[in-house]
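Okay, thanks everyone, let me pull this one up on the screen. Have a look while I talk.

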Amino acid sequence: MREIRTVGIVGTGTMGTGIATNLAQHGIAVRLFDVRPEQAKSAVAQAQAFWARSVERGRLSAEAAAAAATRLAVVGSLAELAACDLVIEAIFEDFTLKARLFEELSGLVPEDALVATNTSCLRVSDLARHMRRPERFLGLHYFSPAQINPIVEVVRGEATAAETIAAALAFCRATGKKPITCKDSYGFAINRFFCPYTNEACRLLDEGLATTAEIDAVAEEAVGAAAGPFRVQNLIKPRINLHAIRNLAPLGPFYAPARSLIEVGEADRSFEIGEAGEIPPERRARIRDRLRMGVFVAVLQELDEEVAAPADIDLGAREALRFSKPPCALMDELGGAEVERIVRPALERYGLARPAALDRVGRLSS
Ligand SMILES: NC(=O)c1ccc[n+]([C@@H]2O[C@H](COP(=O)([O-])OP(=O)(O)OC[C@H]3O[C@@H](n4cnc5c(N)ncnc54)[C@H](O)[C@@H]3O)[C@@H](O)[C@H]2O)c1
């Protein structure tokens, strides 16, 4: 497998810019291509502004910032990515656009180069059908902001070779990331439970059981969240979260978006968050259980489906979502009987089979 020294980034919007910033800072030569050339130039300017701030804050030396800047180059055509060892696609989330791009890239990059998609919602295996060498194709799902967030989901498509995954894991580690391997499954490892968690918060609101502020206030106790589900949704935009949840629809009604999320998301608004005040203990316990239920049902199901290993799920929860009580460790701490009590209402309400992983609670993270 060739060493990854030069990486092409196609699509230099939010994600492409963040990924390029991270890579150049870690010694990788980066070639930036965007259909809008001004967007690629803006990516370079944004990376430089980020490094300047890092220098000001004492997180990066002026020499390292200057060296990183020399590693970024804007190119005017896809053909100029022909010498890249890895190409990461971060264009609009549109299957036809991405498929067309991969067909073109297939004829350009060297036989043994890797090609990755940063897709959040499309199936890696479906996109791989548009590659001449699907065994060299995989998902590299970075989290926003990619120049800071340490987690990358390394997604194994049906045709992805084991050596491709091994090379991608080594590459992520060498560029300062903490990679998580996962199956090509809806929501991969992290959104699979993050979406139901935020959705359950919205259902509590829809059922008139708590206010947004109360739910946010209990999230710390429930899962150790640094910020509550409504504050976080307002940061990522309810519209984007709604899109991510809708992607999970094939997994069944447990994953169907809540009424308030559809309303706020479709109107492209933010959730209003007032003051929490004193929360009666009974209401506090109900909110805590429901937030945990959203996370636990999804995590137990993904463990049954072997989407990702418990240690990787917990790593993602801790590092990408800032949950100080990551799900598998938390379930182990609570014990099988308590976890069963928490998830039982959801299993009954949505007609779900009892997850087999429930029997392993207590030793999930060992
Ligand atoms: N924004 C996030 O938080 C996030 C997180 C993880 C993954 N993703 C995924 O990453 C991808 C990019 O998302 P984004 O938020 O950076 O989008 P964005 O809209 O900010 O940027 C997309 C860029 O791609 C360019 N582009 C479109 N078609 C192109 C083509 N054919 N060739 C070259 N450039 C092209 C556009 O000009 C634009 O600059 C999507 O697949 C998205 O689902 C996004």
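So, at what angle do helix α7 and helix α9 pack, and how far apart are their axes? Keep in mind that this is a predicted model: local features need pLDDT of at least 70, side-chain atom pairs count only at pLDDT 80 or more, and totals for chains, interfaces and linings use all residues. Residues are numbered from 1 along each chain as its sequence is written.

Right, the answer: α7 (residues 191-206) and α9 (residues 229-236) pack at about 115 degrees, with axes 10 Å apart. Axes here are lines fitted to C-alpha atoms, for helices over the stretch in contact, and angles run from 0 to 180 degrees between N-to-C directions. Helices are DSSP runs of H or I, at least four residues, and strands are runs of E, at least two, numbered from the N terminus. On the α7 side the contact uses Y197, T198 and A201, and on the α9 side P229, F230 and Q233; contact means C-beta atoms, placed from the backbone, within 7 Å.

Zooming out, the protein chain has 15 helices and eight strands. Its radius of gyration, taken over C-alpha atoms, is 21 Å, close to the 21 Å from the globule rule for 366 residues, so the chain is as compact as a globular protein of that length. That rule is 2.2 Å times the number of residues to the power 0.38. The C-alpha atoms fill a box of roughly 60 × 45 × 40 Å along the principal axes.

Now the ligand. α1 (14-25), α4 (95-106) and β6 (137-142) each supply at least two residues of the shell around the ligand, and α1 gives the largest share, three residues.

Definitions and conventions. Two residues are in contact if their C-beta atoms, placed from the backbone, lie within 7 Å.
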